[in-house]
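Reader: I am new to reading protein structures, and I keep meeting words whose rules I do not know. Could we go through some of them together?

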Amino acid sequence: MGQDLKNEDILKGIGISPGIAIGRSYLLHKPNEITYAKKLGSEDIPNELKRLYKAIEGAKDRVLAMKSDLNNKLDKENLKIFDSQYIILSDPIFIEEIISNIKERLVNAEYSVKVTAENWTYKLSKIPNQYLVERATDIRDIALLIIEELLLFGEENKFCLIEPTIIVSEFLTLTDIARLEKEKVLAFVITHGGYTSHAAIVARSLNIPAVSMIKNAHIDIKNRSNIIVDGIRGYCIVEPSKKAVTLYTKKRDYYKNKLEQLEKLNKYDAVSIDDIPIELQANLEIVEELPLIKKYNTGGIGLFRTEYLIDYSQNLPGEKLQTTYYSRVLSADKKLPVTIRTFDVGGDKMIRRIEEYNEANPFLGLRAIRFQLLHPNLLRVQLRSLLKANKYGNLKIMFPMVTTIDEIKSLRKITKEEAEEIKKEGGVIRPYKFGIMVEVPSIIFVADKAAKYVDFFSIGTNDLLQYTLAVDRGNEQVSYLYNNFDPAFVRLLKLFMEKVEGFNKDVSVCGEMAGDSLGFILLLILGVRSFSMVPWKIPIIKKLLSTLKISELKEHYKKIKDIETAGKVEQYLKNEFKENLRSIKEFGFR
Ligand code: PEP
Ligand code: MG
């Protein structure tokens, strides 16, 4: 930390997105409080009402979807909850009150829904009747549903920041990030959330510095404090001295300059020195990242995570909403492949519906397709939306956490049934690819069999490593074991490449290992030729690639296979590729 900072008030955590920021803090509170009032002009009212009607329709869709999903699981009595929610959504008096609030107070729809719901629940709570108390809960839920619908797409509903700001929050969801005006966010300081949390991945992708695990950050840091965020070392300095500000201004500018140089690297093609083309695609999480596909000259989207859609709502969004969302993703570049992954919920991406199962080991429990196969209607809605959105035939559907061949067969069957159903309804099914993530070791041992049923494989090294070494990817206590260069892991990856050889199936890697320079080289050695990573890493990896002779790489495996420790594998790569790594050293990138 150095002598220069010894008198500063430093809060230590972990860096989850590199970079330096200096500015004032803004304490971001959680969803309900974010429903702010925005003053409208009378000319804005017709548009606001249109937004409201659309959101109410969307909310109705979702209520119906939830009901049909739970049709076989709940008894008739419990299913009535959805009927009464639907009735409230169609209640002309309730809707009229929202409308008149918008018109009379000249406020945005979100705020009007909030105050109307508060008014209704307050009135109902005054009547001593259990039935009405329950209706009050329904009204609160319904208000949230409508607000979520309003927030999901409304560009006009960005959470407005008055000035460039450092956001301080207890935790950060993808929805929070999506709603913030990114140009005005200097950095994030959060109390909870690890390096592989999706918010962290997005912060990195958008080049917004972030630190996490700062104890009580959201309590101890006051609003509008001056702070410095150091996302590289993982700490922030509250009310820094002039000296610290001068020091950090230099550091910040140096880092910014590095990032600007990145775009110059766009001139490199994704080919090796011996002219072998390599596919480099982007991992994305939210639609706002879509412009990065062109900015960094990528070969398409190798992984589009969809959990954002349920992150905020904790529910499954309806078919219309999902179709609109996926259409945006698929049309980002109509000529490039776009791999959209079905909901990977559970484990580190918990949602309320799964929490209800109260599992002792959620990472080994009802995660991803396991949850979706248990609730096939949820899966069907997502598949229908994806297939309908596939207007240009560039869709690749990817299923996470596949463990058995049986699962692949079920997923294929359901996908085909949904495609048939759409055709019966008069819709068109354009070409699409069907693929799975390789994240559970079991599927590697039967990969030659799995190859018969899929068009492509994508190795999710983040989870594959976790399940191979039985090491929780987010647990600091055992993070010393979480190492992509572990000899067992390297051998397992090699085994997979051997098992699928000759089947002519696309194989790519979309875990974080793909965008790590040494990880990238090791994967090339193992025979991988397609990668997907955080977009800004693509130009750097291209430069590295332009120094590598692929035809000579294979030979290295003969040595690597006999190395006994992760540290030594890493050291071997560092020694052997010293010159290549030097070519990208100036980007402070490993
Ligand atoms: C992975 O597991 O490697 C992966 C890409 O998926 P996620 O990080 O979203 O679990
Ligand atoms: Mg995964």
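**Words and the values behind them**

Author: Gladly, and let us start with a residue and its neighbours. Leaving aside residues up to four places away in sequence, Asn 394 touches Leu 330, Asp 333, Lys 334, Leu 336, Pro 337, Val 338 and Pro 431. Please keep in mind that this is a predicted model.

Reader: Where does Asn 394 lie?

Author: Asn 394 is in the loop between helix H16 (376-389) and strand E12 (395-399). Along the sequence, Asn 394 and Asp 333 are 61 residues apart, while in space their C-alpha atoms are 9.0 Å apart.

Reader: What makes the link between Asn 394 and Leu 330 a polar contact?

Author: The backbone oxygen of Leu 330 lies 3.0 Å from a polar atom of the side chain of Asn 394. The cut-off for such a pair of N or O atoms is within 3.5 Å, so this one counts as a polar contact.

Reader: And why is Asn 394 called buried?

Author: Its relative accessible area is 6%. Buried means under 20%, so Asn 394 belongs in that class.

Reader: Let us turn to rings. How many aromatic pairs does a search of the whole structure find?

Author: The search finds seven aromatic pairs. One of them is formed by Phe 304 and Tyr 325, with 6.2 Å from centre to centre and 65 degrees between the planes.

Reader: Why is the pair of Phe 304 and Tyr 325 called edge-to-face?

Author: There are two steps. Ring centres must lie within 6.5 Å, and 6.2 Å passes, so the rings of Phe 304 and Tyr 325 pair. Planes over 60 degrees apart count as edge-to-face, and 65 degrees is over that mark, so the name fits. This pair links distant parts of the chain, 21 residues apart: Phe 304 is in strand E10 (residues 301-304) and Tyr 325 in helix H13 (residues 319-330).

Reader: Are these two residues buried or exposed?

Author: Phe 304 has a relative accessible area of 0%, and Tyr 325 has 1%. Both values are under 20%, so both residues are buried. Phe 304 and Tyr 325 also form one aromatic cluster with Tyr 308 and Tyr 326.

Reader: What makes Lys 251 count as lying over the face of Tyr 248?

Author: Lys 251 is at 4.8 Å from the ring centre of Tyr 248. The distance limit is within 6 Å, so that part of the rule is met. The charged end of Lys 494 likewise sits over the ring of Tyr 557, 4.9 Å from its centre.

Reader: Now the metal. Why are Glu 439 and Asp 463 called donors of the magnesium ion (ligand 2)?

Author: Glu 439 (OE) and Asp 463 (OD) lie 2.0 Å from the ion. Donor atoms must be within 2.8 Å of this metal, so both qualify. Glu 439 is in the loop between strand E13 (432-438) and helix H18 (441-445), and Asp 463 is in helix H20 (residues 461-468), so the pair ties together parts 24 residues apart in sequence. Glu 439 is buried at 2% relative accessible area, and Asp 463 is buried at 2% too.

Reader: One last thing: how many disulfides are there?

Author: The count comes to zero disulfides. The rule asks for a pair of cysteine sulfur atoms within 2.5 Å, so no pair here meets it. As for single cysteines, Cys 236 counts as buried at 0% relative accessibility, and Cys 510 is buried with 2%.

How values were computed:
Residues are numbered from 1 along each chain as its sequence is written. Chains are lettered from A and ligands numbered from 1 in the order in which they are written. This is a predicted model: local features need pLDDT of at least 70, side-chain atom pairs count only at pLDDT 80 or more; totals for chains, interfaces and linings use all residues. Side-chain values use heavy atoms; hydrogens and water are left out. Rings of Phe, Tyr and Trp (its six-membered ring) pair if their centres lie within 6.5 Å; planes under 30 degrees apart count as stacked, over 60 as edge-to-face and the rest as tilted. Helices (H or I, at least four residues) and strands (E, at least two) are DSSP runs, numbered from the N terminus. Buried means under 20% relative accessible area, exposed over 50%, partly exposed in between (1.4 Å probe, protein chains only). A charge sits over a ring if NZ of Lys or CZ of Arg is within 6 Å of the ring centre and within 35 degrees of the ring normal. Contact means heavy atoms within 4.5 Å. A polar contact is a pair of N or O atoms within 3.5 Å; within protein, one must be able to donate a hydrogen and the other to accept it, and residues adjacent in sequence count only if both atoms are side-chain atoms. Donors are N, O and S atoms within 2.8 Å of the metal (3.2 Å for Na, K and Ca); water is not among the atoms, so sites may look incomplete.
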